[in-house]
Amino acid sequence: MFNSGEYTDIFLNRSLSTTGVLKGNQLRPDIIGKRIDNTFDIFEYASKSQAGGLALKNLQRHVDFYNSLGNVNIAKLIPW
């Protein structure tokens, strides 16, 4: 991401509010990339404890929520 030249900022474990994705929201994806066009790419990496069951479903719900936002270019869940 850093070397691509497509991003103005890359945030690790920062809230949607802090990064400017969505004010007032404290969800903290693993990686948020702010693109030059002011849209965002969001990545969630499932940990071993999130590899299945309810924890994975909750993480997928977060990713679905990110994708529903108008300023998010892509949100992706990377499984364990």
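**Helix H2, buried side.** I looked up which residues of H2 are buried (under 20% relative accessible area, 1.4 Å probe, protein chains only). They are Leu-59, Val-63 and Tyr-66. Seen down the axis of H2, the buried residues fall within an arc of 55°, so they line one face of the helix. The arc is taken from the directions from the helix axis to the C-beta atoms.

**Source of the values.** I note that this is a predicted model, where local features need pLDDT of at least 70, side-chain atom pairs count only at pLDDT 80 or more, and totals for chains, interfaces and linings use all residues. Residues are numbered from 1 along each chain as its sequence is written, and side-chain values use heavy atoms, with hydrogens and water left out.

**Helix H2, the rest.** I checked its extent: H2 covers residues 53–68, which is 16 residues. Helices (H or I, at least four residues) and strands (E, at least two) are DSSP runs, numbered from the N terminus. From first C-alpha to last, H2 reaches 23 Å, close to the expected 22 Å (1.5 Å times one less than its number of residues). On the face turned away from the buried side I found Gly-53, Leu-54, Lys-57, Arg-61 and Ser-68, which are exposed (over 50%). The cover over the buried residues of H2 includes helix H1 (16–19), strand E3 (40–45) and strand E4 (72–78).

**Thr-19.** I then turned to Thr-19, which sits in helix H1. Thr-19 counts as buried because its relative accessibility is 5%. Leaving aside neighbours within four places in sequence, Thr-19 is in contact with Phe-11, Arg-14, Ile-32 and Phe-40 (heavy atoms within 4.5 Å). Ile-32 is 13 residues from Thr-19 in sequence and 7.8 Å away, C-alpha to C-alpha.
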